Amino acid sequence: MKRILFIEDESALQKTLGEVLRENGYEVISALDGETGIKSAKTKKPDLILLDLILPKLSGFEVLKQLKKDEETKNIPVIVLTNLEEVKDVEKAMELGATTYLVKANYSLKEVVDKIKAALEK
Amino acid sequence: MAIKKFFSQLDFFDQCRKYNIPISQCPQFLFLIMGLVIIFSSTTTYALGTRYIKDPEIVLLLVLSITAVLLIIAYLISRSFERLAQANRLKSEFVSIVSHQLRSPLSNMRWALEILMSGRMGKIEEKQLEYFSILRENSDRMRELVKDLLTVSRIETARLSFKKERFSLEELIKELISSFNSFSKASNTEISFQAEKDLPMVLSDRSKIKLVIENLIDNAIRYTKGKGKIEIKLKKKDGSLYFEIKDNGVGIPKEDQKYIFQKFFRSKNASRYQTEGSGLGLYIVKSILEKAKGKIGFRSQEGKGSTFWFTLPIK
């Protein structure tokens, strides 16, 4: 079973997206802030990380930077799932090593799940 | 650091760009002009004073008093202009922050609704589905409104990015017409497209021009009642590509025509025929075309229809 780490502080999103991903046969580990997210990435070794950018304690950009610096976590694909849509944010996240950048407001839940599936099948 | 800050404040163009207003209305530029007026007035007062007043001390006092008064006036004027420009910028930033903040709860709502409507949580009765659909339609409207508000705030704070690339306008139009297919069918409207042969590519921001055409097609469908006919034409004209979209819709009343590119403006008959719409679409369209160095215009007759056109430079 593929394991997904979902770093997101909005519990409503953890519930909706998390539940649909579980229904699709994935194991989902939740992290509600950046620090916990990094710890879980190291200990649980997920196949994919879903990362929000506005997070308590450590911003999503900082989390991404640290994940890509660490030998243990640098090869895990990271999908940024956020509502920030400024070009500078997209460019920064991609430069830091994100695999995909998704703006929540622009996608339905089904479309997001399809993108996650596609990323895991690569 | 302080020196750098001092010199950056002297860069009028940079300072004015920050406010996104024409240079002639920029507080820093106005202060510079007032400075020149002061120098000219002081020199003239001195020249006239030495000619008509014998006592040099009185001349000096006169020049100094006039200079001081003018300087105070110039400072007060440019300061109030600066405050106005700053208030305007803060307003746009406020809109941007609020819109961003609205997006998260809106996404949560839309996704939760999607789960409910999928029937995963139990069978849904037809009547329930009807009300869920109302919720979905309205959350979609809210999403569009927030998106438009964010675009407007980007335009006003000069943060609207514009990345040029070469692309075929003809292909983009075809792609958009097919994406509007179900909406136009549901509205009983037929869209036809005619393009001149061998049209060149344009150098512009594809995603922004897409937004322009999307808005124009959407308006044409939305404001056509009964059996509608929309004709789109594309041709080459004086080093530009000329796009035209003609509908046989409700048209724009003559007295409203001069306001239609204004932010939040909706003509009387537009609000009557179509309750949806924020009045931001055409403002966004015009601002994007200005940035793309294109032009936009329209002809319209109430009850008969409208024709909107725009040009886009090829190079």
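Start by selecting F264(B), which sits in the loop between β5 and α9 (268-273) of chain B. This is a predicted model, and in it F264(B) has a positive phi of about 65° although it is not a glycine. Most residues other than glycine have a negative phi. Is F264(B) buried or exposed? With 9 other C-beta atoms within 10 Å, F264(B) is exposed, since a residue counts as exposed if it has 12 or fewer such neighbours.

Next, move to chain A and select K57(A), in the loop between β3 (48-51) and α3 of that chain. K57(A) also has a positive phi, of about 70°, and is not a glycine. Its surroundings hold 14 C-beta neighbours inside 10 Å, so K57(A) counts as partly exposed.

From that loop, go on to helix α3 (residues 60-69) of chain A and pick out V63(A), which is found there. V63(A) is buried, because 27 other C-beta atoms lie within 10 Å of its own and the threshold for a buried residue is 20 or more. Which residues does V63(A) touch, once its neighbours within four places in sequence are left aside? They are I7(A), G34(A), G37(A), I38(A), L51(A), L55(A) and L58(A). If you then select G18(A) as well, you will have a pair that is 45 residues apart in sequence and 20 Å apart in space, taken from C-alpha to C-alpha.

**The whole of chain A**

Now display all of chain A, and colour the helices and strands: there are five of each, and reading along the sequence you will meet them in the pattern β-α-β-α-β-α-β-α-β-α. The C-alpha trace spans about 30 × 30 × 30 Å along its principal axes. The radius of gyration of chain A is 13 Å, which agrees with the value near 14 Å that a compact globule of 122 residues would have. Of those 122 residues, 35% count as buried, and among the contacts in chain A with a separation of 6 or more, 59% join residues 24 or more positions apart.

If you colour chain A by confidence, the mean pLDDT is 93, and 100% of the residues reach 70 or more. Among the elements of this chain, strand β1 (residues 3-7) has the highest mean pLDDT, at 97, while helix α4 (residues 87-96) has the lowest, at 92.

**Where the two chains meet**

Show both chains together and select the residues at the contact, to which chain A gives 12 residues and chain B gives 12 residues. On the side of chain A that touches chain B, helix α1 (residues 11-23) of chain A gives the most, with five residues. That side of chain A is made up of seven nonpolar, three polar and two charged residues. For the complex, the predictor gives an ipTM of 0.88 and a pTM of 0.73.

**The whole of chain B**

Hide chain A and look at chain B, which has 10 helices and seven strands. Its radius of gyration is 27 Å, well over the 20 Å that the globule rule gives for 315 residues, so chain B is more spread out than a compact globule. Along the principal axes its C-alpha trace spans about 100 × 50 × 40 Å. To see how the chain is divided, colour domain 1 (2-89) and domain 2 (167-313) separately, following the domain assignment; the C-alpha centres of these two domains lie 46 Å apart.

Buried residues make up 24% of chain B. The mean pLDDT of chain B is 86, and 93% of its residues reach 70 or more. Where pLDDT is low, the predicted coordinates should not be read in detail.

**The nonpolar cores**

To finish, select V212(B), L216(B), I217(B), A220(B), I245(B) and L312(B), which have the most contacts inside the largest nonpolar core, a set of 34 residues. Several elements of chain B give two or more residues to this core, including α5 (126-156), α8 (206-222) and β7 (305-313). Which element gives the largest share? It is α8(B), with seven residues. Apart from this core lies another, of 33 residues, with F6(A), L13(A), A41(A) and I79(A) among them. In soluble globular proteins, nonpolar side chains tend to be buried together.

Technical notes. Residues numbered from 1 in each chain as written. Chains lettered and ligands numbered in written order. Predicted model: local features only at pLDDT ≥ 70, side-chain atom pairs only at ≥ 80, totals over all residues. Core = buried A, V, L, I, M, F, W, Y, C linked by C-beta atoms within 7 Å. Helix = DSSP H or I, 4+ residues; strand = E, 2+ residues; numbered from the N terminus. Contact = placed C-beta atoms within 7 Å. Nonpolar A, V, L, I, M, F, W, Y, C, P; charged D, E, K, R; others polar. Domains from an automatic or database assignment. pLDDT = per-residue confidence, 0-100. Rg over C-alpha atoms; globule rule 2.2 N^0.38 Å.
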